[in-house]
Amino acid sequence: MLWTVFLLLNGLLILLLFSTRKRKKNEPPLDKGFLPWLGHAVEFGKDAARFLARMKDKHGDIFTVRVAGYYVTVLLDPHSFDAVLNDTVSLDFTRNRNQLLKRVFSLQLPSIKPRAEREWMEQHFQGLSFSKLSSSMNNHLQSLLLSDQKGCDPSEWRQSGLFSLCYSLLFRAGYLTLYERQDNVSAVYKEFRKFDDLLTKLARCSLKRGESKAANLSREHLWELLSPEKLCGGSELSSWQQSYHDFLQEEGVDVEMQKRALLLQLWTTQCNAGPAGFWFLGFLITHPEAMEAVQSEIRGLTLQDTSHQHSPINLLEAHNTPVFDSVLTETLRLTAAVMINREVVQDKILHMANEQVYHLRQGDRVCLFPFLSPQMDPEIHQEPEIFKYDRFLNEDMTVKDEFYKDKKRLKYYTMPWGAGRNICVGKEFAVQAIKQFVFLLLTHLDLELCDPEAKLPTVNPSRYGFGMLQPEGDLLVRYKLKRKQLKI
Ligand code: HEM
């Protein structure tokens with residue numbers, strides 16, 4: 001009893017301490033919200049984009065909000081992002097990341113040095129490995145697409161949700177590329193989708209009782225499905241997996257954590273491409289002028305290649321594809337919503353590009369949310385909520401990369417891949433894979449909306465901050481193999 005009273009009093013004292021924080025001179029505007037300790041946590045978790053847009057209207061490009069006991073300074077001026085991204089002394093990203101790894105993946109990797117991990121990743125997703133991965137991904141995409149149609153009458157339409165179609169194909173091809181295992185690919189995909197659906201709640205500790213059990217079961221099932229014994233039945237590991245295993249071993253990670261880390265890798269490498277493929281095709285299929293521009297670029301590629309030196313899929317690599325590239329950049333501008341978080345480990349003076357100076361307190365957090373600015377900022381991109389397939393194209397078909405805010409040219413005008421030390425390692429691979437995927441579907445399938453008037457579904461607002469957004473519901477399409485396909 002005494003112990004309970006003691007804990008309660010302590011809790012109250014902490015609440016009081018937190019709620020008595022006042023804005024000091026030179027600190028950003030402070031908005032604590034009405035609820036003690038929780039502050040704005042509920043609104044933030046429900047729809048971070050809407051909440052942060054409201055705060056931006058109220059306070060401007062920089063402000064501090066209280067969220068579940070933390071004070072988070074949100075910086076929304078892309079001209080000033082480098083002041084955060086380049087500071088590795090006062091700002092730290094590892095503690096925040098480790099906390100998330102523990103919550104979401106039940107994973108602890110304290111011995112791993114971030115620089116060593118990054119080097120390992122670069123070795124495997126860039127440089128020489130890139131073309132090997134890319135060609136393997138391409139082969140898997142093709143054979144999955146064709147094998148999924150086996151046994152179907154080629155003249156009959158099949159119906160599916162576009163999100164399921166894209167996620168399933170890109171996930172399975174990506175998994176086969178890295179893990180090189182056919183036999184459990186469908187089981188891994190099915191279980192992964194269950195886990196992915198609960199992931200944002202896991203990260204925010206907002207699972208309901210039933211969901212908590214489901215999340216734990218799903219995580220354990222995935223650990224089992226991915227474990228080296230299950231994957232290989234004693235035969236050789238894939239080269240990527242062997243290398244990851246060796247890396248973890250060298251870094252002193254124990255066997256249990258090695259097993260769990262494979263799920264983190266699966267999520268990092270497979271959670272974004274499927275949704276990106278969906279939005280890309282979704283925008284095309286609901287915007288006929290964009291579809292026509294891409295189709296026309298594809299026809300042009302085959303005509304250019306009069307010597308028939310390249311297989312059609314390699315045409316994508318051999319020739320410039322400015323329309324494809326602009327559609328992808330525009331798609332990601334509208335649907336990639338990463339949050340870049342840092343912890344202030346010592347008091348910091350933040351110099352903004354407009355020469356204002358702010359004091360950040362040790363123990364607080366700093367967050368960049370590029371989705372709001374630059375990506376959806378009306379000063380940078382006119383009518384930012386509208387999909388314009390040629391937004392990133394100049395009249396002479398070169399890449400448009402000049403965008404301005406406050407009359408100054410921007411370094412960061414869209415940031416789907418993050419930036420700084422954590423920028424996506426798989427960027428080139430992902431771009432290539434998504435282009436291959438869209439090319440493949442458009443050249444192999446007749447694909448159309450079930451309801452010609454259908455619109456793209458809205459975004460699931462709980463996913464802001466977790467990379468690629470996902471739709472609420474799906475978009476029904478029908479498809480069948482084209483009679484005459486390009487020989488690939
Ligand atoms: C459209 C597809 C993709 C998008 C939008 C995307 C975006 C991102 C972003 C924003 C980050 C940084 C996350 C953070 O700061 O917390 C990241 C990290 C990463 N991405 Fe991607 N990604 C995509 C696809 C891929 C693919 C296909 C792979 C590999 C096959 C990959 C591998 C990685 C890895 C390994 C990291 C971790 C980097 C690190 O911790 O230093 N990504 N990605």
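How many bridges join E4 to strand E7, and in which sense do the two strands run? In this predicted model, two bridges link E4 to E7, a strand formed by residues 340-344, and the pair runs antiparallel. Within that pairing, leucine 91 finds its bridge partner in valine 344 of E7. As a reminder of the general principle, strands of a sheet pair through backbone hydrogen bonds, in either a parallel or an antiparallel sense.

The E4-E7 pair belongs to a wider assembly, and a walk across it is a good way to get oriented. The strands form an open sheet of six, ordered E1-E2-E3-E10-E7-E4, with mixed pairing. At the edges are strand E1 (30-31) and strand E4 (91-92), each of which pairs on one side only. Helix H3, residues 48-59, packs on this sheet and touches E1, strand E2 (62-67) and strand E3 (70-75). The direction of H3 makes about 135° with that of E2. Helix H5 (residues 94-105), in turn, lies across E4, E7 and strand E10 (365-368), and runs at about 115° to E7.

Further along the order of strands, E2 and E3 run antiparallel and are joined by six bridges. One of the residues to look for here is threonine 64, whose bridge partner in E3 is threonine 73. The hairpin of E2 and E3 has two residues between the strands, and alanine 68 takes a positive phi near 45° there. E3 also pairs with E10, this time in the parallel sense and over four bridges. Threonine 73 appears again in that pairing, with valine 366 as its bridge partner in E10. Threonine 73 can thus be followed from threonine 64 to valine 366.

Attention now turns to the ligand. Its surroundings comprise 22 residues, the closest being Asn272, Gly418, Cys424, Gly426 and Ala430. Two or more residues of this shell come from each of helix H6 (114-125), helix H13 (255-270), helix H14 (273-286), strand E6 (336-338), helix H19 (427-444) and strand E14 (466-468). Which of the elements gives the most to the shell around the ligand? That element is H6, with three residues. By residue class, the shell divides into 14 nonpolar, seven polar and one charged.

H13, one of the elements that contribute to the ligand shell, can also be examined as a helix in its own right. At 1.5 Å a residue, its 16 residues should span 22 Å, and the end C-alpha atoms are 23 Å apart, so the two values agree. Are Lys259 and Arg260 of H13 buried or exposed? Both are buried, as are Ala261, Leu262, Leu263, Leu266, Thr269 and Gln270 of this helix. The cover over the buried residues of H13 includes H5, helix H8 (162-179), helix H9 (185-203), helix H10 (209-226), helix H12 (239-250) and H14. H5 therefore has a place in two parts of this description, since it lies across strands of the sheet and also helps to cover H13. Arginine 97 is found in H5. With 15 other C-beta atoms within 10 Å, arginine 97 is partly exposed. The C-alpha atoms of arginine 97 and aspartate 451 are separated by 43 Å, and the two residues are 354 apart along the chain. Glutamate 317, in helix H16 (residues 312-318), is likewise partly exposed, with 15 other C-beta atoms within 10 Å. Between the C-alpha atoms of glutamate 317 and glutamine 432 the separation is 8.2 Å, for residues 115 apart along the chain.

Some details of the backbone complete the picture. Most residues other than glycine have a negative phi, and most peptide bonds are trans. A cis peptide bond joins serine 373 and proline 374, with omega at about 20°. Proline 374 lies in helix H18, residues 371-375. Glutamate 355 has a positive phi, near 75°, and sits in the loop between strand E8 (348-351) and strand E9 (357-360). Glutamate 355 is exposed, because 6 other C-beta atoms lie within 10 Å. Glutamate 383 also takes a positive phi, near 45°, in the loop between H18 and strand E11 (404-405). With 9 other C-beta atoms within 10 Å, glutamate 383 is exposed.

Methods:
Residues are numbered from 1 along each chain as its sequence is written. This is a predicted model: local features need pLDDT of at least 70, side-chain atom pairs count only at pLDDT 80 or more; totals for chains, interfaces and linings use all residues. A residue is near a molecule or strand if its C-beta atom, placed from the backbone, lies within 6 Å of it. Ala, Val, Leu, Ile, Met, Phe, Trp, Tyr, Cys and Pro count as nonpolar, Asp, Glu, Lys and Arg as charged, and the others, Gly among them, as polar. Two strands pair if DSSP finds at least two bridges between them. Two residues are in contact if their C-beta atoms, placed from the backbone, lie within 7 Å. Axes are lines fitted to C-alpha atoms, for helices over the stretch in contact, and angles run from 0 to 180 degrees between N-to-C directions. The expected span of a helix is 1.5 Å times one less than its number of residues. A residue is buried if 20 or more other C-beta atoms lie within 10 Å of its own, exposed if 12 or fewer, and partly exposed in between; C-beta atoms are placed from the backbone.
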